[in-house]
Amino acid sequence: MHVSHVAEAVRRREGTFTLVELRPCRSGGERVAGAVTAQLTWCRQEGYHDMLVMEVLLLAVGQRHAGAGLGRALLQRALRVLRASGRASTGTGTMRVLTQADDGDGAQGFWRACGLRATAAGERLMQALSAWDSDRHLLYRGVTVMTAGLSTGRAESDAGGSGDA
């Protein structure tokens, strides 16, 4: 399925999507090597004028594939869905990617390398989303909210740095 088809389906339903990477296995067939699950939400609360937010709910890579760039590749595919959804809906506007990273250098280092940063603005956005719909936007303990704004192909963190997420 082409990314524009996924984006259109998600845009119409303002929903959750999962992208899966399959790899061949020795016994024949295919096995899941990694997956990303995210949800898109139009944030229309006061102070967040028509912002399209992609919250990454899960990004997992099998041990055999860890460190080979699969996590970053899955995130890139999810970001293409976000960008396509944003263009299909408004043509312009603000888009943000948001996640709640496990505390610790490994997870947060991955997200930093992808251009996301822990900022007060990201924390406020996550709290606003949860206040608006606490069933869809859960607040977890022991995590760090990390976020980046998206423009024409690059993530821009609230901290002013940019990455290639």
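Here are some exercises with worked solutions on a predicted model of a protein chain.

**Exercise 1. Get to know the chain**

Task: Find how many helices and strands the chain has, and the pattern they follow along the sequence.

Solution:
- Step 1. Start with the count: there are four helices and seven strands in the chain.
- Step 2. Now walk along the sequence, and the pattern reads α-β-β-β-α-β-α-α-β-β-β.
- Step 3. Next, look at burial: 42% of the chain's 165 residues count as buried.
- Step 4. Turn to the outside, where the accessible surface is about 8800 Å² and carbon and sulfur atoms hold 48% of that area.
- Step 5. Finish with the contacts: among those with a separation of 6 or more, 64% join residues 24 or more positions apart.

**Exercise 2. Explore the largest pocket**

Task: Work out which residues are closest to the centre of the largest pocket, and which elements supply its lining.

Solution:
- Step 1. Let us begin with the idea behind a search for pockets: rolling a probe the size of a water molecule over the atoms shows where empty space is left.
- Step 2. The volume of the largest pocket is about 500 Å³. Its lining is made of 24 residues, and L58, L59, D102, A107 and W111 are the closest to the centre.
- Step 3. Four elements give at least two lining residues each: β3 (51-61), α2 (70-89), β4 (94-102) and α3 (105-113). Strand β3 has the largest share, with six residues.
- Step 4. Sort the lining by character, and you get 14 nonpolar, seven polar and three charged residues.

**Exercise 3. Two residues by the pocket centre**

Task: For W111 and D102, name the element that holds each one and list the contacts beyond the neighbours within four places in sequence.

Solution:
- Step 1. W111 sits in helix α3. Is W111 buried or exposed? Buried means under 20% relative accessible area, and W111 has a value of 6%, so W111 is buried.
- Step 2. Setting aside neighbours within four places in sequence, W111 is in contact with V56, L59, L75, T99, A101, L116 and M146.
- Step 3. Take T99 from that list: W111 and T99 are 12 residues apart in sequence, and their C-alpha atoms are 8.7 Å apart in space.
- Step 4. D102 belongs to strand β4. Leaving out neighbours within four places in sequence, D102 has contacts with A107, Q108, G142 and V143.
- Step 5. Try one more distance: D102 and R141 are 39 residues apart in sequence, with 9.1 Å from C-alpha to C-alpha.

**Exercise 4. Visit the second largest pocket**

Task: List the residues that line the second largest pocket and sort them by character.

Solution:
- Step 1. This pocket holds about 160 Å³ of space.
- Step 2. Its lining is formed by R23, P24, C25, R26, R31, V32, A33, G62, R64 and H65.
- Step 3. Both β1 (16-24) and β2 (30-43) supply at least two of the lining residues, and β2 gives the largest share with three.
- Step 4. By character, the lining has four nonpolar, two polar and four charged residues.

**Exercise 5. Helix α4 and what covers it**

Task: Compare the span of helix α4 with the expected one, then find its buried residues and their cover.

Solution:
- Step 1. Helix α4 runs over residues 120-132, which gives 13 residues. From first C-alpha to last, α4 reaches 18 Å, close to the 18 Å expected at 1.5 Å a residue.
- Step 2. The buried residues of α4 are G122, L125, M126, A128, L129 and S130.
- Step 3. The cover over these buried residues includes β2, β3, β4 and β5 (143-150).
- Step 4. For a close-up, pick M51, a residue of strand β3. M51 counts as buried because its relative accessibility is 9%.
- Step 5. Beyond neighbours within four places in sequence, M51 is in contact with T41, W42, C43, T94, R96 and L125. L125 is also one of the buried residues of α4.
- Step 6. To end, check a distance: M51 and G86 are 35 residues apart in sequence and 9.2 Å apart in space, C-alpha to C-alpha.

Definitions and conventions
Residues numbered from 1 in each chain as written. Predicted model: local features only at pLDDT ≥ 70, side-chain atom pairs only at ≥ 80, totals over all residues. Heavy atoms only, no water. 1 Å grid on protein atoms, 1.4 Å probe; cavity = no way out; pocket = protein on both sides within 12 Å on 5 of 7 lines; lining within 4 Å. Points joined across faces, edges and corners; volume = space filled by probe spheres on them. Nonpolar A, V, L, I, M, F, W, Y, C, P; charged D, E, K, R; others polar. Buried < 20%, exposed > 50% of the residue type's maximum accessible area, 1.4 Å probe, protein only. Contact = heavy atoms within 4.5 Å. Areas by Shrake-Rupley, 256 points an atom, 1.4 Å probe, with all protein chains shown as cover. Expected span 1.5 Å × (residues − 1).
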